[in-house]
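Reader: I'm new to this one, and I'd like to see the reasoning behind the labels people use. Can we go through it together?

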Amino acid sequence: MTWRVPLSDLPMPEEDVAAVVECLESGWLTMGPRTQAFERALEEYTGARNVVVVSSGTAALHLACLAAGLGPDDEAIVPSFTFVATPNAIRYAGATPVFCDVGSPLEPQLDPDDVAHRIGPRTKAVLAVHFWGYPAAVGRLRQLCDEHGLVLIEDAAEAIGALTDSGRMAGTVGQLGCLSFFSKKQLCVGEGGAVLTDDDALAERVRSLRSHGMTTVTWDRHRGHAETYDIIEPGFNFRIDEPRAALGHSRLGRLADDIDARREVARGYRARLEGMAGLELPFDDGAVDASSHFAFPVLLEDRAARDAFREELQALGIQTTWYPAVHEFTDYRQLTGQLDLPITEAVAGRHCALPMAAGLGPDELDIVAEAVEQALAAVGRRAA
């Protein structure tokens, strides 16, 4: 399929290519000095005391759950309106996910009131998701977790650079935060992720777990800083490699400007799409400045209208996507049985995401807006 406007775009300027080539020519490809430099740069950018870079956003969530102490007798509250990696990480730790509803279709983030209702004797953590790049109410959630002695883990996989209600960046309000550097993310290297924490002990645990529970890593021994190593617990091979760390470090220098550009794209969409019959825009104009805009979501009247709308846009060369509710997947239905999450089910059925990238200009936005108008008209004719 050749899209007139694809869902996302991944430019690769020469400076990024040069950073990776220099790494390849260095002869050191496993976790080493470029990984350390990337971690220090992320600490400076996010304001987190510790950043531990890992092989994927999923690995970051997995290690965060383990560092938080989740185990077989524990429960963790998590939204169903998220990517499946979030609740899966709870299960990797042996704990049980407890699904929570979102606040409304227009602000589909974890509802703190519903979280409070679902806290029980086995609850050990809350996983808040900054979905689509829009920050969840983590200031309120951190206060709630502190009152109940719970760990707050932030899934900021789609929200690096977003500003929370507490004034801090997404991923730095809870005891642990998780980033993703997957190819569609704002800071993309292909695969990669990071755990953020201000707690030195939690950071040390994550560092140990990402590399087999080893007390030293290959780079330490290569430099003569250690002769051998010990294994202090069963760990994993969740290391990132040096070429991806070099790419991430190179791209990080442009991230603030890219996010500003995404905010302009979101404003451009809102100006063009506001008031179109049969279409609603989640969030409000004020939320644009806080979000880092992984996606630009829109809401249709119902699932049938959404599906027809996407079909029409595809025919017009506009790529879109949508996110199912996790509790409706076969595996999770078998795990949890039938759940009552009406707002989650409504927004999952009604939304789709339009193309979003820092490089989208006025011409591309005009193309998408014109296609949206045509698609809505076609959906209306189908329903008549």
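Author: What follows is a set of questions about the terms used for this structure, each with the reasoning behind the answer. Keep in mind that the model is predicted.

Reader: Let's start with the sheet. What is the order of its strands, and which ones are the edge strands?

Author: The order is 1-9-8-7-6-2-3, in an open sheet of seven strands. Strand 1 and strand 3 are the edge strands, as each pairs on one side only. From one strand to the next, the twist averages 20°.

Reader: What makes the pairing "mixed"?

Author: Strands of a sheet can pair either parallel or antiparallel, and this sheet has mixed pairing. Take strand 8, residues 176–180: three bridges join strand 7 to strand 8, and these run parallel. On the strand 9 side, strand 8 pairs in the antiparallel sense over four bridges. Strand 2 and strand 3 are parallel, with five bridges, while strand 1 and strand 9 are antiparallel, also joined by five bridges.

Reader: How do you know that strand 8 and strand 9 really count as a pair?

Author: Two strands pair if there are at least two bridges between them. Strand 8 and strand 9 have four bridges, so the cut-off of at least two is met. One of the residues involved is S180, whose bridge partner in strand 9 is G193.

Reader: Which residue of strand 1 stands opposite G193?

Author: That's V54. For other examples of facing residues, I153 stands opposite L176 in strand 8, and A76 stands opposite P97 in strand 3.

Reader: Why is strand 1 called largely enclosed?

Author: A residue is buried if its relative accessible area is under 20%. In strand 1, residues 50–54, five of the five residues are buried, so the strand is largely enclosed by the rest of the structure. Both faces are covered: N50, V52 and V54 are buried on one side, V51 and V53 on the other.

Reader: What about strand 2 and strand 8: which of their residues point which way?

Author: In a regular strand the side chains alternate between the two faces of the sheet. From strand 2, E75, I77 and P79 point one way and A76 and V78 the other, and all are buried. From strand 8, L176, C178 and S180 point one way, G177 and L179 the other way, and all are buried there too.

Reader: Now helix 4. What makes it "mostly covered"?

Author: Six of its eight residues are buried: A85, T86, P87, N88, A89 and I90. What covers them includes helix 3, strand 2, strand 3, strand 6, strand 7 and helix 13.

Reader: Where does helix 4 sit on the sheet, and what follows the helix?

Author: Helix 4 packs on the sheet, touching strand 2, strand 3, strand 6 and strand 7, and its direction makes about 150° with that of strand 3. Helix 4 is followed by G94, whose phi is positive, near 90°.

Reader: Why is helix 1 described as roughly antiparallel to helix 9?

Author: Two packed helices are described by the angle between their axes and the distance between the axes. Helix 1, residues 14–26, packs against helix 9, residues 242–252, at an angle of about 150°, with the axes 8 Å apart. That angle makes helix 1 roughly antiparallel to helix 9, since the cut-off for that label is over 145 degrees. Their crossing is right-handed.

Reader: Which residues meet there, and of what classes are they?

Author: E15, D16, A19, V20, C23 and L24 in helix 1 meet E242, P243, A246, L247, S250 and R251 in helix 9. By class, the contact has seven nonpolar, one polar and four charged residues.

Reader: How do you know that V20 is part of that contact?

Author: Contact means heavy atoms within 4.5 Å. Leaving aside neighbours within four places in sequence, V20 is in contact with P243 and L247. For another sort of distance, V20 and A353 are 32 Å apart in space, C-alpha to C-alpha, and 333 residues apart in sequence.

Terms used: Residues are numbered from 1 along each chain as its sequence is written. This is a predicted model: local features need pLDDT of at least 70, side-chain atom pairs count only at pLDDT 80 or more; totals for chains, interfaces and linings use all residues. Side-chain values use heavy atoms; hydrogens and water are left out. Axes are lines fitted to C-alpha atoms, for helices over the stretch in contact, and angles run from 0 to 180 degrees between N-to-C directions. Helices (H or I, at least four residues) and strands (E, at least two) are DSSP runs, numbered from the N terminus. Angles under 35 degrees count as roughly parallel, over 145 as roughly antiparallel, 65 to 115 as roughly perpendicular and the rest as oblique. A crossing is left-handed if the near helix is turned anticlockwise from the far one by less than a right angle, and right-handed if clockwise. Ala, Val, Leu, Ile, Met, Phe, Trp, Tyr, Cys and Pro count as nonpolar, Asp, Glu, Lys and Arg as charged, and the others, Gly among them, as polar. Buried means under 20% relative accessible area, exposed over 50%, partly exposed in between (1.4 Å probe, protein chains only).
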